[in-house]
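User: I am new to this structure. Please take a close look at its salt bridges, and set them in the context of the whole chain.

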Amino acid sequence: MPRVDGKVALVTGGASGLGLACAAMLAREGARVAISDIDEAGGAAAAERIGRGTVFVAHDVTGEASWTDALSAVRTAFGGLNILVNSAGIALNATVEETTLEDWRRVHAVDLDGVFLGCKHAIALMAESGGGSIVNISSISGIIAGANLAAYNSAKAGVRLLSKSVALHCARAKNGIRCNSLHPAFIDTPMLDGLTKKNGREEGLAKLARQVPLGRVGTPDDVAYAMLYLASDESAFVTGSELVIDGGISAM
Ligand code: NAD
């Protein structure tokens, strides 16, 4: 039995990396999927590759009007919404002293404002669709700080507590919507390019793997499987929770 059969899902940042893996898994498990991204060519190609009726919606998560347009496109395509995966994000490797105010605002606009706007505007459509699940992709960097991650730490920590506030609001509203956050570390996607460019990708990934108790970096599907549990009715009693997917890093 497919695990999200008949549900409608929107995955932001679906052109690449974790968003793409989540969208493909939701489609394989029976959902009707819309992916959205600022990268229009990549997003259209990803929807084509996933198949199973997946549609692409051009979307900048930092814009409020872009969110209302994306959600009405999903309503037009599929008639409602049950699952929202907020995966769109950008990274910045910079200390607090190196970070310009412009960079700070850009990282928060995509990584935190984007999630806020998604939750704020999707709730009504999800509620009228009978409820569902919001899965916000934060990061292990939303729990553990790094000297060179000032803006990213701040934005991802914001997503962690925002998700809990959304969960409590929805529980009190009894609208059937749950909200949880995922906290991955070192997953092999284009986002790691910045960390691995110095000595080549293979050596860079091997260096990262040495910091992980399980001895490897993660795959996008490692995260997509966790997302699938939180998106499905199997997690019906789980809201306001955070799930780390970090090969044991945060256990040290
Ligand atoms: P990625 O770069 O492969 O994908 C990010 C996607 O977001 C891209 O397709 C990009 O075009 C899109 N995007 C960027 N800005 C956007 C905007 N303004 N509006 C809409 N789309 C936009 O990176 P990824 O590794 O798949 O990252 C996905 C999420 O996972 C991010 O939130 C990231 O912070 C988080 N994360 C990644 C890792 C990792 O190791 N890869 C670890 C922890 C958390």
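Analyst: Here is the whole chain in brief, then the salt bridges, then two further spots.

This is a predicted model, in which local features need pLDDT of at least 70, side-chain atom pairs count only at pLDDT 80 or more, and totals for chains, interfaces and linings use all residues. Residues are numbered from 1 along each chain as its sequence is written, and side-chain values use heavy atoms, with hydrogens and water left out.

Start with the overall build. The protein chain has eight helices and seven strands. These are DSSP runs, numbered from the N terminus: helices are H or I with at least four residues, strands are E with at least two. The radius of gyration is 17 Å, close to the 18 Å of the globule rule for 252 residues, so the chain is as compact as a globular protein of that length. That radius is taken over C-alpha atoms, and the rule is 2.2 Å times the number of residues to the power 0.38. The C-alpha trace spans about 50 × 35 × 35 Å along its principal axes. Of the 252 residues, 50% count as buried. Buried means under 20% relative accessible area, exposed means over 50%, and partly exposed lies in between (1.4 Å probe, protein chains only).

Now the salt bridges. Side chains of opposite charge can pair when their charged atoms come close. Here a salt bridge is a side-chain nitrogen of Lys or Arg within 4 Å of a carboxyl oxygen of Asp or Glu. The structure holds nine of them.

Take Glu234 and Arg3. Their closest N and O atoms are 2.7 Å apart. Glu234 sits in the loop between α8 (220-231) and β7 (242-245), and Arg3 in the segment before β1 (8-12), so this pair ties together parts 231 residues apart in sequence. Glu234 counts as partly exposed because its relative accessibility is 43%. Arg3, at 31%, is also partly exposed.

Next come Glu128 and Arg75. Their side chains meet in a salt bridge, 2.6 Å from N to O. Glu128 belongs to helix α4 and Arg75 to helix α3 (residues 64-78); the pair links distant parts of the chain, 53 residues apart. Glu128 is exposed at 52% relative accessibility. Arg75 is partly exposed, at 41%.

A third pair is Lys164 and Glu242, also 2.6 Å from N to O. This one links helix α5 (residues 150-173), home of Lys164, to strand β7, home of Glu242, across 78 residues. Shared partners join Arg160, Lys164 and Glu242 into one network. Glu242 has a relative accessible area of 29%, so it is partly exposed.

Look again at α4, the helix that carries Glu128. Helix α4 covers residues 101-128, and its 28 residues should span 40 Å at 1.5 Å a residue; the end C-alpha atoms are 39 Å apart, which agrees. The expected span is 1.5 Å times one less than the number of residues. The helix bends by about 40 degrees at Ala109. That bend is the angle between axes fitted to the seven residues ending there and the seven starting there. Just after α4, Gly130 takes a positive phi of about 95 degrees.

Finish with Thr189. Thr189 lies in the loop between β6 (177-184) and α6 (193-196). Its relative accessibility is 9%, so it counts as buried. Beyond neighbours within four places in sequence, Thr189 is in contact (heavy atoms within 4.5 Å) with Gly17, Leu18, Arg201 and Pro220.
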